[in-house]
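Look at the fold as a whole before picking out single residues. Then follow the report from the surface to the core and on to the backbone.

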Amino acid sequence: MSGLRVLVNAGPWLPVPPSGYGGIETVVATLVPELRRAGAHVTLATVGPSTLEADDHLRPLPEPAFRSIAMPYNRVSGIAHAHMQVLVDALRERDRWDVVHDHLEVVGPSVLAAMGTAAPPTLQTLHWDLRKHSEFYSAFDGRGRVRFAAVSASQLERAPANLRRQTLGVVPLAAPPPLEVAADPGEHALVLARITADKAQDVAARICRRAGVPLVLAGPVAGIDDPEELERRLADGDEALRAHPDVRYWLDEVRPLVDGTTVTWVGGVAGERKERLLRSARALLSPIRWAEPGATGVVEALARGVPVVGTPRGVLPSLVEHGRTGFLAAEEDDLVRHLHELDTLDPQACREAAEQWTPVGMARRYLEMYHRLLEENPA
C-alpha cells in the first residue's frame with residue numbers, strides 16, 4: 001500500500017486540527033498521520049492556519065470560513081467553490097495524485113465528478129445526516145469515479161437508494177489518542193459539541209439541574225469560542241449575529257438555564273484544556289435530537305473511561321452499550337434517573353469498548369477502499 005498519492009480535501013471551514021469544535025477536521029487530523037505512517041504520500045487541502053503535518057498542503061483560503069456557514073445561501077455559496085477552484089486547477093496537473101479523499105459536503109463530489117477523467121478517482125466520506133440534500137443524493141451519478149464511504153450503518157440506512165448503490169462501505173470514526181495530561185476526577189457532566197438545537201444543550205442543562213449534577217457546556221456558538229466575545233458583539237448590536245439560528249437557540253433556550261454554578265458555558269475548548277475537562281468528567285452527555293452519524297466525541301469519552309448518557313438516536317446505540325458503557329433513554333425523566341446511576345458503570349469497560357475504533361484501523365479501511373476504487377478505475 002506504500003507510495004499511494006492521496007489528496008485529502010478537508011474543505012474551507014475550519015483548520016486541521018481544529019482549535020476547538022470541528023468533528024470533520026478532527027477526523028482528518030486523526031486519519032492523515034496514520035495514512036502517512038502506512039506509506040501514503042498525503043497532500044492536505046485546508047485553510048491557512050492549519051498546522052497538521054502532511055507531505056504537502058494546498059491552502060486556497062487564508063482564513064477559516066466556519067462563522068459564515070449558516071448565513072443565507074447568497075452570501076456563502078461562493079466560499080466552497082472558491083476553495084474547490086484551487087483544487088480544480090491543481091488537479092489539472094495530471095498524474096500528481098492517485099486518489100482524492102473528499103470531506104466537503106455536496107460541492108466536493110459534484111465538482112470532482114464534473115471533471116470526469118481530468119480528476120483522479122474520488123472517495124467522499126459522508127459526515128452528515130443523509131436526509132439532507134436528498135435531491136442531490138437521489139440523482140447524483142459519480143459514474144464509478146466518485147464513490148462514498150459512510151461513517152455508520154445507521155447513517156447509511158437513511159441514505160437514498162441511489163447513494164447506497166455508490167457507497168463502498170462503512171468506516172467507523174476514530175478519535176485521536178488521549179493526551180498525557182493529569183486530571184483528578186471531577187463531579188461535572190460534560191457536553192462537548194457546538195451549541196445548536198440538534199445537540200440539545202437545553203435538555204442537558206435541564207436534566208443536570210434536576211439531578212443536581214454540575215454541567216459544563218463546551219463548544220462554540222455560531223463559530224465563536226470566547227463567551228466574552230459573543231456577549232460583547234451582541235451588546236454592540238450585531239444584528240446579523242443575533243439572527244444566526246444557533247445564536248437564537250442559545251439566547252432563547254440555553255442561556256436562561258446557565259447560572260454559572262450548576263450549568264456553566266466555557267466556550268470552545270481544545271488541547272490540554274479539553275483533555276482535562278473530558279478526563280475529569282463523570283459522564284459525557286449527548287441528548288441529541290438528530291440522527292448523529294458519527295459522534296467522535298462519544299469515542300473520545302469512552303477511550304478515557306468516561307461513560308456516555310444520551311438519547312438512542314443515530315449512531316449512539318451502536319457506540320454505547322446501555323447499562324455497561326453508559327445509558328440511553330428518550331425521555332428526560334429517565335435521563336435524570338440515569339445520572340444517579342453513573343457509579344454502577346466501570347470505566348475499564350468503557351476503555352475496552354473504544355478499542356475497536358482505532359486510528360490505525362480507520363486508516364487501514366480507507367486504504368483498502370482507495371485500492372478498490374483504483375481497481376475499478378484503471379488508468
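A residue counts as buried under 20% relative accessible area, as exposed over 50%, and as partly exposed in between. Keep these cut-offs in mind, because several residues below are sorted by them. The model shown here is predicted.

**V258 and its surroundings**

Start with V258. Its relative accessible area is 24%, so V258 is partly exposed. V258 is found in the loop between α10 and β10. Leaving out residues up to four places away in sequence, V258 touches L217, W250, V263, T264 and W265. A205 is 53 residues from V258 in sequence, yet their C-alpha atoms are 7.6 Å apart in space.

**The overall build**

The protein has 16 helices and 13 strands. Its radius of gyration is 21 Å, close to the 21 Å that the globule rule gives for 379 residues, so the protein is as compact as a globular protein of that length. Along the principal axes, the C-alpha atoms fill a box of roughly 60 × 50 × 40 Å.

How much of the protein is buried? Of the 379 residues, 56% count as buried. The accessible surface comes to about 15,800 Å², and 48% of it belongs to carbon and sulfur atoms.

Now take the contacts with a separation of 6 or more. Residues 24 or more positions apart account for 67% of them. Charges come next. There are 41 positive and 50 negative charges, and their mean positions are 3 Å apart.

**Two nonpolar cores**

In soluble globular proteins, nonpolar side chains tend to be buried together. Here, the largest nonpolar core has 38 residues. Those with the most contacts inside this core are L215, V221, L230, W250, L285, V309 and L339. Helices and strands both feed into it: the elements that give two or more residues are β8 (189–192), α7 (201–211), β9 (215–218), α8 (227–235), α10 (245–254), β10 (263–267), β11 (283–286) and α14 (332–339). Which element gives the largest share? That is α7, with six residues.

W250 deserves a second look. Leaving aside neighbours within four places in sequence, W250 is in contact with I195, V221, L230, E231, R255, P256, V258 and W265. V258, the starting point of this report, is on that list.

A second, separate core has 31 residues. Among them are A40, L44, V99 and L373.

**A covered helix**

Helix α3 spans residues 107–114. Which of its residues are buried? They are V107, G108, P109, V111 and L112. What covers these buried residues includes α2 (73–91), β4 (99–102), β5 (122–126), α4 (134–139) and β6 (146–150). Just after α3, G116 takes a positive phi of about 60 degrees.

**Loop residues compared**

The table sets out five residues found in loops.

| Residue | Loop | Relative accessibility | Class |
|---|---|---|---|
| P17 | between β1 and α1 | 35% | partly exposed |
| R143 | between α4 and β6 | 66% | exposed |
| T196 | between β8 and α7 | 9% | buried |
| V258 | between α10 and β10 | 24% | partly exposed |
| A295 | between β11 and α12 | 11% | buried |

T196 counts as buried because its relative accessibility is 9%, under the 20% cut-off. Beyond its neighbours within four places in sequence, T196 is in contact with Q201, D246 and Y249.

**Backbone exceptions**

Most residues other than glycine have a negative phi, and most peptide bonds are trans. Three places in this model go against that pattern.

R143 is not a glycine, but has a positive phi of about 50 degrees. A295 is not a glycine either, and its positive phi is about 65 degrees. Are these two residues buried or exposed? R143 counts as exposed, at 66% relative accessibility. A295 is buried, at 11%.

The third place is a peptide bond. From V16 to P17 the bond is cis, with omega near -5 degrees. P17 itself is partly exposed, at 35% relative accessibility. Not counting neighbours within four places in sequence, P17 is in contact with A29, T51 and L52. T51 is 34 residues from P17 in sequence, and their C-alpha atoms are 6.8 Å apart in space.

Notes. Residues are numbered from 1 along each chain as its sequence is written. This is a predicted model: local features need pLDDT of at least 70, side-chain atom pairs count only at pLDDT 80 or more; totals for chains, interfaces and linings use all residues. Side-chain values use heavy atoms; hydrogens and water are left out. A nonpolar core is a set of buried Ala, Val, Leu, Ile, Met, Phe, Trp, Tyr and Cys residues joined through side-chain atoms within 4.5 Å. Buried means under 20% relative accessible area, exposed over 50%, partly exposed in between (1.4 Å probe, protein chains only). Helices (H or I, at least four residues) and strands (E, at least two) are DSSP runs, numbered from the N terminus. Contact means heavy atoms within 4.5 Å. The radius of gyration is taken over C-alpha atoms; the globule rule is 2.2 Å times the number of residues to the power 0.38. Accessible areas come from the Shrake-Rupley method with a 1.4 Å probe; for residues, only the protein chains shown count as cover. Lys and Arg count as positive and Asp and Glu as negative; His and the chain ends are not counted. The place of a charge is taken as NZ of Lys, CZ of Arg, CG of Asp or CD of Glu.
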